[in-house]
Amino acid sequence: MVKVEFLGPIQKDAMELEITNLSELANILQQDEELKEWLTNSAVAVNDALVSSLDYPLKDGDKVSLLPPVCGG
């Protein structure tokens with residue numbers, strides 16, 4: 001199982017999924033209308049390291065974090 005967490009202003013509970021890469025995760029998350037807007041703007045980290053490829057492989061026990069852009073002052 002891969003744990004998926006949503007940080008910052010994304011108001012979603014963490015989920016656990018049986019997936020093997022970020023492309024599969026993107027397909028699942030695109031089905032959620034509330035998440036769709038965040039997917040194009042958010043960074044993605046796997047086990048706290050930023051990644052940019054949807055082909056990035058995932059294995060049992062990995063943690064994926066969706067990191068929305070943040071403004072502050």
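The heart of this tour is an open sheet of 5 strands, set in the order 2-1-5-3-4 with mixed pairing. Strand 2 (15-17) and strand 4 (49-51) stand at its edges, and each has a single partner strand, so one side of each is left without a neighbour in the sheet. Direction ignored, neighbouring strands of this sheet are turned by 30° against each other on average. Keep in mind that what you're looking at is a predicted model.

Now take a look at strand 1, which covers residues 2-6. This strand is mostly covered, with 4 of its 5 residues buried. Strand 1 pairs with strand 2 on the one hand and with strand 5 on the other. Here's how the two pairings look side by side:

| Pair | Direction | Bridges | Residues standing opposite each other |
|---|---|---|---|
| Strand 1 and strand 2 | antiparallel | 3 bridges | valine 4 and methionine 15 |
| Strand 1 and strand 5 | parallel | 4 bridges | phenylalanine 6 and leucine 66 |

So much for the strands; next comes a helix. Helix 1 is made of residues 22-29 and lies across strand 1, strand 2, strand 3 (43-46), strand 4 and strand 5 (63-67). Against strand 2, helix 1 runs at about 125°.

There's also some open space to explore. The largest pocket holds about 290 Å³ of space. Its lining counts 16 residues, and the ones closest to the pocket's centre are Ala26, Leu39, Val44, Leu54 and Leu66. You've met one of these already: leucine 66 is the strand 5 residue opposite phenylalanine 6.

Which elements give two or more residues to the lining of the largest pocket? They are helix 1, strand 3 and strand 5. Helix 1 provides the largest share, at 4 residues. As for the chemistry of the lining, 11 residues are nonpolar and 5 are polar, while no charged residues take part.

To pull the threads together: helix 1 lies across strand 3 and strand 5, and these three elements each give two or more residues to the lining of the largest pocket. Strand 5, meanwhile, is joined to the mostly covered strand 1 by 4 bridges, with the two strands running parallel.

Notes. Residues are numbered from 1 along each chain as its sequence is written. This is a predicted model: local features need pLDDT of at least 70, side-chain atom pairs count only at pLDDT 80 or more; totals for chains, interfaces and linings use all residues. Side-chain values use heavy atoms; hydrogens and water are left out. Two strands pair if DSSP finds at least two bridges between them. Axes are lines fitted to C-alpha atoms, for helices over the stretch in contact, and angles run from 0 to 180 degrees between N-to-C directions. Contact means heavy atoms within 4.5 Å. On a 1 Å grid over the protein atoms alone, a cavity is a set of points where a 1.4 Å probe fits but cannot get out, and a pocket is an open set with protein on both sides within 12 Å along at least five of seven lines; lining residues have an atom within 4 Å of a point. Grid points are joined across faces, edges and corners, and a volume is the space filled by probe spheres set on the points. Ala, Val, Leu, Ile, Met, Phe, Trp, Tyr, Cys and Pro count as nonpolar, Asp, Glu, Lys and Arg as charged, and the others, Gly among them, as polar. Buried means under 20% relative accessible area, exposed over 50%, partly exposed in between (1.4 Å probe, protein chains only).
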